[in-house]
Amino acid sequence: MTLLLKLAVRGERVRSAVWILVIVMLGAGLVSYIKGYFPTQETLRTYARVISGNPIFLGLGGPVTEPSIGAMAAWRSGGLLFLLTAWMALTIVIRHTRAEEESGRQELMLSGVIGRAAPLTAALVTAAVAALLAGALTSAVLVAIGMETAGSLAYGAAITAAGWVFAAVGAVTTQLARTTRTATTLGLLVLGMSYVLRYAGDASGVSLLTWVSPLGWSHLVRPYAADRWWALIVSLLVTAVLLVLAYGLSARRDLDSGLLPVRPGPATGPYLKGAFGLAWRLQRGLLVKWAVGVTVAAALFSSLSNVAPRLAEQPGPVLDAFIQRYGGPSGDPVDAYLWIIVLLLAYTVALYPVLATLGLHQEEYSGHAEALLSTAVSRLRWAAAHLVVGALGTLVLLALGGFVTGLVYSLAMDEPAVGRMTSAALEHVPAAWLVGAVAAFAVGVLPRVSVALSWTVWGVVVVAGDLVGPLIGLWGWSRIEPFHYTPNTVSGEPFSVAPLAVILGLAALLTTAALIRLRNRDLG
C-alpha cells in the first residue's frame, strides 16, 4: 500500500501540481479582478443587481446574497474552481486504477504481497490529498491577501468537497468500464451533467436541480455570504456511499474486466482500408461525442441571447467593461454576447486536435503503431492520417458550433445570423490548428513529455486568453495566444487575412518539424 501510494504521488508530482497552481491562481486572480472593476460598495451593489436580474449570470455562479468582494469573487470563480478540482480528482483515480490495470502493470504488482483493494485505495488517497491541497492553498492565499478567514475556509472546503465527490465517482466508473477511455467518458459525463443541472437550477431558480447536482452541493455553501458548512455534509455522505459501492464492485469483478458488458465489434472491417481509414475509425467516436457536446452547448448559450439586451438597461462600469472587452466597433451587448459564445466554443474546441493528436502517442506506446508500421504503411502516412483527420474534425466542430449558434439565435430573435456566426466560428480554425500543431510537435520531437506539454499549452492558451485572462487579472497576456488575433467580425471588426496566414504558417512549420522528427527517431 505504501509503495503504491509513493508511486502514485511520484506520477502526479508535476501534473497535479500544475492543476493545483491553476486553481489557486484563479481563486486569487478573481479577487484582484473584482477589486479593480468594482472598487466601491455602490458598484458592487450595481453588479449584484445585474446578476440577480439576468439568468445567464445567475447560472454562472448562483445568486449573490451579499454584495461584498469575497462573495462576488466566489460567485465569479466558484463554478470554475469546483469543476477543475472535480476533473483533476476524477482523472487521478482513473489514471492510477483502470489505466494501470489496462496496461498490465497492476497485474504484475498484485502478484506480490499487495491486497486487491490497495491500488484503488492509493489512487483515492492521492486524489483526496490533491483536492485537499487545492482547497487549503486557495484558502491560505485568500486569507493572505486580506479576505475574511471564515469565508476563505468555507470556500476552500467547498473546493475540496467537489474533488472528493468526483474522486469517488471515478472509483465507481473504473469498476464499471473495461477501458480507460470508457471510464473517463462515464466520469466526464457525470461531471458535465452535474454542471448542466447546477447551471439550469441557478439560472431558473429551481433549487431542486441544484440539490441533485454534485457540483451544486459546493455552490450551496455560499462562501463569504451564508457560509453554509452543513451543505458539505451531503458531499461527504455521497462520497462515502460511492466509496462503499466502488469497493464492493471491485471485489465482485475479475481483474482487467468491467461490470458493463462489452459489445463485440464487427467480424470484418470493410472501411479499414489504409492509414486514413484506420485513423477515422479510431477518432470517429471522439468526434461524435464532441459534436454532441458542441451542439448542446451552442444551443444552450445562444438560446439565452435574448436576455443580453437587459445589460443596456444597466449603465455603469459593468456595461462599460463588458462592451469594451467584447463589444467591438458595434458596441452592441447582443453582439458582445454572441462573440463570447464564439470564443467559448473556439477555446473549448481547441482541445479536440490536441486529443486527436495525442492518439499518435497512445498508438506508439501501446505497441499498435509498431504492428501497423510492419506492413506497407509508412510512418508519414500513419502520422499524417491522424493529423489530417484531427484537423478536419476541428473544422467540422467549429462550423457546427457556429451554425447551431446562428440558427438558435435566429429562431429566438427573428434575425438572420447563421451566415455570420458560422463564418465567425470558422475564423478560429487556424488558431485551433496551431494548438494542435504544438501537440504534434511535442509528440514528434519530445514524446516523453508530449502529454503534459500538450495539455499545458492548451491550458495556458485558455487561461491567458481573451475569455479568462482579463477575469483573473492577466491583462495583456492574451497576446501570447493565437485566438487573440482573430478579428471580432461578429461586432463589426474588418476581416484580416494577414494574422490568420501567419498562424497557419506557424502551424505548418511545427507540423512539418514533427513529421520529419517522427520519421527518423526510434518509436517507443
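1. First, a definition: a residue is buried under 20% relative accessible area, exposed over 50%, and partly exposed in between (1.4 Å probe, protein chains only). On that scale, 50% of the 524 residues of the protein chain are buried. This is a predicted model, where local features need pLDDT of at least 70 and side-chain atom pairs count only at pLDDT 80 or more, while totals for chains, interfaces and linings use all residues. Numbering runs from 1 along each chain as its sequence is written, and side-chain values use heavy atoms, with hydrogens and water left out.

2. Overall make-up: the protein chain has 23 helices and zero strands, taken as DSSP runs numbered from the N terminus (helices are H or I, at least four residues; strands are E, at least two). Take contacts, meaning heavy atoms within 4.5 Å: among those between residues at least 6 apart in sequence, 76% join residues at least 24 apart. The accessible surface comes to about 23,000 Å², with 68% of it belonging to carbon and sulfur atoms; the areas come from the Shrake-Rupley method with a 1.4 Å probe, and for residues only the protein chains shown count as cover.

3. On to the aromatics. Rings of Phe, Tyr and Trp (its six-membered ring) pair if their centres lie within 6.5 Å; planes under 30 degrees apart are stacked, over 60 edge-to-face, and the rest tilted. The whole structure yields nine such pairs. One of them joins Phe-82 and Tyr-155, edge-to-face, at 6.2 Å centre to centre with 80 degrees between the planes. Phe-82 sits in helix H5 (residues 69-95) and Tyr-155 in helix H9 (residues 149-176), so this pair ties together parts 73 residues apart in sequence. Both Phe-82 and Tyr-155 are buried.

4. Now look at Tyr-195 and Tyr-199: their ring centres are 6.2 Å apart and the planes are at 40 degrees, so this pair is tilted. Both belong to helix H10 (residues 180-204), four residues apart, about one turn of the helix. Tyr-195 is partly exposed at 25% relative accessible area, whereas Tyr-199 is buried at 5%. Arg-198 also lies over the face of Tyr-195, 5.2 Å from the ring centre (the rule wants NZ of Lys or CZ of Arg within 6 Å of the centre and within 35 degrees of the ring normal). Elsewhere, Trp-19, Trp-87, Trp-455 and Trp-458 make up one aromatic cluster.

5. What does Ala-158 touch, leaving aside its neighbours within four places in sequence? Its contacts are Phe-82, Ser-218, Val-221 and Leu-232. Ala-158 is in helix H9 and is buried, at 0% relative accessibility. Ala-158 and Phe-82 are 76 residues apart in sequence, but 7.5 Å apart C-alpha to C-alpha.

6. Thr-138, in helix H8 (residues 118-144), is buried at 1% relative accessibility. With neighbours within four places set aside, Thr-138 contacts Ile-23, Val-24, Leu-133 and Ile-159.

7. Finally, the voids. A cavity here is a set of points, on a 1 Å grid over the protein atoms alone, where a 1.4 Å probe fits but cannot get out; lining residues have an atom within 4 Å of a point. Points are joined across faces, edges and corners, and volume is the space filled by probe spheres set on them. That gives three cavities of 30 Å³ or more, and the second largest holds about 90 Å³. Its lining includes Thr-97, Arg-98, Glu-101, Arg-116 and Arg-253. Helices H6 (98-103), H8 and H9 each supply at least two residues of that lining.

Methods
1 Å grid on protein atoms, 1.4 Å probe; cavity = no way out; pocket = protein on both sides within 12 Å on 5 of 7 lines; lining within 4 Å.
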